[in-house]
Amino acid sequence: MSDGYAMTGKDIALYLTIIKLHEQQQYMYDNRVHSVEHRIVSISQPWIQPIVRGKVKTPVEFGAKFDLSLDSEGYGRIQKISFEAYNESTCLIEAVERFKECTGYYPERVLANQIYRTRENRRYCKEHGIRLSGPKLGRPSATAKVDKKQEYQDNTDRIEVERTFRLSKRCYGMSCITTKLEETQLTSIALSVFVTNLFRIQRRILCALLHLFQFCHDWNRCKSWKLQISA
C-alpha cells in the first residue's frame with residue numbers, strides 16, 4: 001500500500017478478517033482462555049462458526065445449522081437457518097404460527113424431540129389444543145400404558161424427519177456443498193430441500209398415473225369380459 005497499491009474489495013475483507021482474528025487470538029492469550037465469541041476459524045469464510053454438537057465422532061461441526069419441519073403431506077420447510085449456534089427450542093412457536101398462517105388452523109400434533117419439550121413450548125401447545133409428542137411432566141398417570149403406546153407411535157412417525165435429512169444429504173447434495181460465499185451456501189441448502197420436495201411430488205404423480213393405468217386396464221378387461229358373456 002505504501003507503493004501506491006490499492007486493495008480490492010476482496011482484499012479489504014480479508015485484511016479486516018485478519019485484524020479481527022489477531023484481536024481474538026490476543027484476547028485468548030492474554031486471558032488464558034480457549035474460546036471467544038464469534039471465533040474465526042476460516043479467513044476466507046469468516047461467517048462459519050464452530051458448533052458444539054456433542055457427538056462421538058464429530059463433537060464440533062462447522063457449517064450452517066437449520067431447523068426443518070415436515071407438514072402432514074411430507075413436504076419440508078426450513079424454519080430457521082444460521083451459521084451460528086442457537087437454541088432449537090425457540091423455533092417451535094414460530095414454526096407453529098407460520099403453519100397457522102399458511103393453513104388457517106393449528107396442527108393437531110407436533111412431533112418433536114426432547115430439546116423442543118420445554119415448559120414454555122408445552123404451555124403454548126396446551127393453550128392452542130396441540131398435542132406435543134413425548135412423555136408428560138410429573139409422575140406417571142393412570143393412563144401410563146396408553147401414553148407409552150402413543151409416545152412410541154409418535155417416535156415412529158417422527159422418523160420421517162430424520163429420513164428426509166438423510167435423503168437430502170445422500171441423494172440431493174446437502175452433504176457436498178462446495179460453494180464459497182455465504183449467500184450461495186444458504187441457497188444450496190435451500191435448493192437441496194426444494195429438490196427433495198420436487199422428487200416427492202414426482203413420486204406421487206407417478207403413483208397416481210400407475211393407479212390410473214391399472215384402473216383403465218382392469219376396466220378394459222372387465223368390458224371385454226362383458227362382451228364375451230353377452231355374445
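This section describes the overall arrangement of the predicted model, then helix 3 and its surroundings, and finally selected residues in the loops.

In the predicted model, the chain comprises 5 helices and 6 strands, which follow one another along the sequence in the pattern α-β-β-β-β-α-β-α-β-α-α. Of the 231 residues in the chain, 24% are buried. When contacts between residues at least 6 apart in sequence are considered, 40% of them join residues that are at least 24 apart.

Helix 3, which spans residues 119–127, has N121, Y124 and C125 as its buried residues. Because these residues cover an arc of only 95° around the axis, they lie on the same side of helix 3. This arrangement can be read against the geometry of the α-helix, in which there are 3.6 residues a turn, so that residues three or four places apart point the same way. On the face of helix 3 turned away from the buried side, the exposed residues R119, K126 and E127 are found. The cover over the buried residues of helix 3 includes helix 2, formed by residues 91–103, and strand 6, formed by residues 131–132. Just after helix 3, G129 adopts a positive phi of about 70°.

The relation between helix 2 and helix 3 can be described in further detail. Their axes come within 9 Å and cross at roughly 25°; since angles under 35 degrees count as roughly parallel, helix 2 and helix 3 are therefore roughly parallel to each other. In this contact, L92, I93, V96 and E97 of helix 2 meet E120, N121, Y124 and C125 of helix 3, and the residues involved divide into 5 nonpolar, 1 polar and 2 charged. The buried residues of helix 3, namely N121, Y124 and C125, are thus among those that meet helix 2.

The loop between helix 1 (residues 9–31) and strand 1 (residues 50–52) contains Q45, which counts as buried because its relative accessibility is 14%, below the cut-off of 20%. Apart from neighbours within four places in sequence, Q45 is in contact with T179, K180 and Q185. For K180, the side chain of Q45 reaches the backbone oxygen at 3.1 Å.

Two further residues of the loop between helix 1 and strand 1, R32 and H38, are notable for their backbone conformation. Most residues other than glycine have a negative phi. R32, however, has a positive phi near 55°, and H38, which is likewise not a glycine, has a positive phi of about 55°. With regard to accessibility, R32 is exposed, with a relative accessible area of 76%, whereas H38 counts as partly exposed at 33% relative accessibility.

In the loop between helix 4 (residues 144–171) and helix 5 (residues 182–230) lies C176, which counts as exposed because its relative accessibility is 56%, over the cut-off of 50%. C176 is separated from S188 by 12 residues in sequence, and the C-alpha atoms of C176 and S188 are 9.7 Å apart in space.

How values were computed: Residues are numbered from 1 along each chain as its sequence is written. This is a predicted model: local features need pLDDT of at least 70, side-chain atom pairs count only at pLDDT 80 or more; totals for chains, interfaces and linings use all residues. Side-chain values use heavy atoms; hydrogens and water are left out. Buried means under 20% relative accessible area, exposed over 50%, partly exposed in between (1.4 Å probe, protein chains only). Helices (H or I, at least four residues) and strands (E, at least two) are DSSP runs, numbered from the N terminus. The arc is that of the directions from the helix axis to the C-beta atoms. Contact means heavy atoms within 4.5 Å. A polar contact is a pair of N or O atoms within 3.5 Å; within protein, one must be able to donate a hydrogen and the other to accept it, and residues adjacent in sequence count only if both atoms are side-chain atoms. Axes are lines fitted to C-alpha atoms, for helices over the stretch in contact, and angles run from 0 to 180 degrees between N-to-C directions. Angles under 35 degrees count as roughly parallel, over 145 as roughly antiparallel, 65 to 115 as roughly perpendicular and the rest as oblique. Ala, Val, Leu, Ile, Met, Phe, Trp, Tyr, Cys and Pro count as nonpolar, Asp, Glu, Lys and Arg as charged, and the others, Gly among them, as polar.
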